[in-house]
Every structure is written in C-alpha cells, then in structure tokens.
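User: Please take a close look at one part of this structure for me. I would like to know about the enclosed space in it and what surrounds that space.

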Amino acid sequence: MLGHTFNIMAFPAGPKCNLNCEYCYYLDKIKLYPNTNNFMMSYQILKMYIKQYVEAYSGSDINFIWQGGEPTLRGLKFFKKAVELEKKYVPKHLSIHNNFQTNGILIDQQWANFFLREDFLVGLSIDGPDYIHDQYRRDKQGNPTHKRVMKSLKVLKTYNIKYNVLCVVNNLNVKKPTQIYNFFKKKKIRYLQFIPLVETDQKGKISKRTVQPENYKKFLIELFNEWILNDYGNIYIQFFEECVKAWLGIKTNLCTVSEYCANNFALEHNGDLYSCDHYVYLKNKLGNIQDKKIVDLIHSSKQFKFAELKISELPEVCRECKYFFVCHGGCPKNRLKEYKSSGKKINYLCEAYKGFFNYAFPYFESMANGIRLCKKPTEIQSELIKIYKDYEDKCDSNCCFFN
C-alpha cells in the first residue's frame, strides 16, 4: 500500500507540448479542461505544491519530478523560482533531487547552465537513430525532430549535466534491438530506459504502433544478451536493474513492477491531483491542492481503493505465476487480455515477460548471488558469460526463444 515515500509528477505546462508525437497519451488531457486556454502553472500553485509536498513527505531525500507535455514551455524563470522555493521549504536534513523529463527541443546554454548549477537530472526522449525516431516524434508542423534532439544531447554532454535517455519501444524499433542499443552506445549514453508502447485506438483495438508480445520478448532477450556480454556494470538499463532487485528481494523503484500502484501521483497545472499520470481521468482525480492538502489527498480512501486494484483485479493465474514476484501483473493500463471467462484481465505483454524471464532466470540468479557475496561487476560478468557460452553449446539455431 501507500508508503512513507512517494513521488508526484508535476506538469507545469499541463498537457501542452511543442511536439505532436503520434503515440503520446497525454496531449488529449487538454479535453479535461475545455474552458482553459492557459495551461501554465501559476506561481501560487507552485508555492502551494512545494510546501504541501514537503509537509507530506517522509524520507531521507525528496524528489521533484517535472513532466509534460513539455515542461520547458513554462520557461526558465519558473524553474528558478521552483528551486528557490525548494530551498526555502525543504528541511536541511533532506536531500533535494530534481528530475526533468524533456523532448530536448528548447534546451540551450541557458537551460544547461541552470541544470548544472542546480544539479538537475535530465531525462531526454530519443527513440533511436533518425529513421526510427522521426517516424513518430515530429513537431506540430510535421517536421522531423531527431537532429534538434541530438543537438540538445550534445549540449547536455558539453556541460556535464546528469542525464538519461528514455526510448519508447514501438512496432518499428522493437525489431532492431541491437541496432538501437549500439546507436545509444556510440553516443556514449550510459543510462537507458526502454518503455514498451501499448496503446489502443478509439474502438479499443490494439494500435499498429504497439509492440507485439513475441517481438518484445525477442527484443528483451537480444538486448539483455548484448548487455550482459559487453556492458554489465558499465551501462544501466532500468528494467534489467529493477529485475535484479526483485531477485534480491528488495524494493523496486519502477512502479510498473511494484506490488501496488499508489506512490506515483500526477499534479496538473491548476493543482488537480490524480492517482497516476497514466490515470489522468475525472474518475481518478483525488481533488485539488487549493481545497485540500496533498497529505490528505494521497491518504484518501479513493487512493487506497486505487492501490488495491492492481492486485484485486488480477486472475489467480497471475498470482500463481512463478514470476509474480518480479512483475506483479505489470502496469494495470496494459491489462487488455481477458483471461478465459474469469472477467479479469492479464497484461498484454504477459507472454513476452514470461518468455524473457524463462530465458534470463539463470542470469538473474547469478547476478543476485554475486551481489550478495559482494563480488565485483567484472567477476559477476565473467560468470554471466560462462552461463551464456554453456547455453550456446546446448542450444542450436532452432532455439525456441528466438523463433
């Protein structure tokens, strides 16, 4: 259930964005505010948010997560004020962390100086090389964006700003895992998030952009092999690292594989607080921080009911699965396949995950054991390579994992 530590993803420019990415699920949130033209968060709401967030928080550090839409649209002055308020209201014993997710289009030297000075972690969205990225990530005029994003990446590197890359795995790049991975490696990107795209159209049918489970299984296995053979300990791939935590029996940070959905909220431009950024719907609105404090909203009965749904709506087959401890049924938004006649749904990517975990099981076991024994990453990697070679000797080209 809801823990002492939680995150709020703040949308300082609401759902407004300077791009028109085909798969973006957030642009439509404009419809929630039909009488609104200005989606820029006010300084009054900003102050209330930071003050209330700090009052509700309990932990050794506090994360401020800035999302969109596109947060840079709110302007640099706004974020300078945000940092000023953070330093004012956050107690001295807490460490402050700012995470800023951006498409990179507006990042320049001024932004870079600010990020460096205030120690921001910047998440940059890149779906791979230009021929992949520009298929779905274009601006409002339909122009490609890859060249501008790579320019922003160069700025971040030049100023030694902490950054990671978020790659949406869609129907195109899912078929090219090694090419995509090598593209990022050549750019010397060491922190990667791969997020599988699962979406439905207006009729509730799976979209053409969505990854197919079989393709995603192959993507994960091929990417995983590249990682363990060449880059374990040097490149951080979020999903694999979170799986290792599950094998170690420690709490994961990735909400999609967490036991409950209750610790990641979304704050809209006007102070509306929602249960999750993937559930920004009227029925999931907890209230407004101008009317009720954050601490009361996050501990409301409505939010506890939302948290319980991740487990209570799962069919028994999921609870009995040997890999339940890793995925916990995955993100509820991806539960699109009804299991037999139970009336309950399983994750659209269930077979992909099971296939991957079946393949990766001995590797994760070895990693977890190595970490428990305080072995060096190089020692652990040597054992992973040995497992891989032993497997290759027993497996021919007709291996079921790759067909």
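Analyst:
**The second largest cavity and its surroundings**

By class, the lining of the second largest cavity has seven nonpolar, no polar and no charged residues. Note that this is a predicted model. The residues that line this cavity are F194, Y216, L220, L223, I237, F239 and F240. The space inside is about 40 Å³. Two elements give two or more residues each to this lining: α7 and α8, the latter spanning 238–248. Helix α7 supplies the largest share, three residues.

Now follow α7 outward. Helix α7 covers residues 213–231 and packs with helix α6, residues 177–186. Their axes lie 9 Å apart, at an angle of about 40°. The oblique class takes in angles that are neither under 35 degrees, nor 65 to 115, nor over 145, so α6 counts as oblique to α7. The crossing is right-handed.

Which residues in α6 and α7 meet? On the α6 side they are P177, T178, Y181, N182 and K185. On the α7 side they are F219, E222, L223, E226, W227, N230 and D231. L223 is thus named twice: it meets α6, and it lines the second largest cavity. By class, the contact of α6 with α7 has five nonpolar, three polar and four charged residues. Set that beside the cavity lining, with no polar and no charged residues.

The other cavity makes a useful reference. The structure holds two cavities of 30 Å³ or more. The largest has about 110 Å³ of space. Its lining has 14 residues, and the closest to its centre are C255, C261, N264, C276 and C331. By class, that lining has nine nonpolar, five polar and no charged residues.

An open site can be set next to these. The second largest pocket has about 230 Å³ of space. It is lined by 15 residues, with C318, C321, C327, C350 and K354 the closest to its centre. At least two lining residues each come from α11 (316–319), α12 (324–327), β12 (345–347) and α13 (350–372). The largest share is five residues, from α13. By class, this lining has 11 nonpolar, two polar and two charged residues.

Back to the cavity you asked about. F194, Y216, L220, L223, I237, F239 and F240 line its space of about 40 Å³. Helix α7 gives three of its lining residues and also packs with α6.

Terms used. Residues numbered from 1 in each chain as written. Predicted model: local features only at pLDDT ≥ 70, side-chain atom pairs only at ≥ 80, totals over all residues. Heavy atoms only, no water. Axes fitted to C-alpha atoms, helices over the stretch in contact; angles between N-to-C directions. Helix = DSSP H or I, 4+ residues; strand = E, 2+ residues; numbered from the N terminus. Left-handed = near helix turned anticlockwise from the far one by under 90°. Contact = heavy atoms within 4.5 Å. Nonpolar A, V, L, I, M, F, W, Y, C, P; charged D, E, K, R; others polar. 1 Å grid on protein atoms, 1.4 Å probe; cavity = no way out; pocket = protein on both sides within 12 Å on 5 of 7 lines; lining within 4 Å. Points joined across faces, edges and corners; volume = space filled by probe spheres on them.
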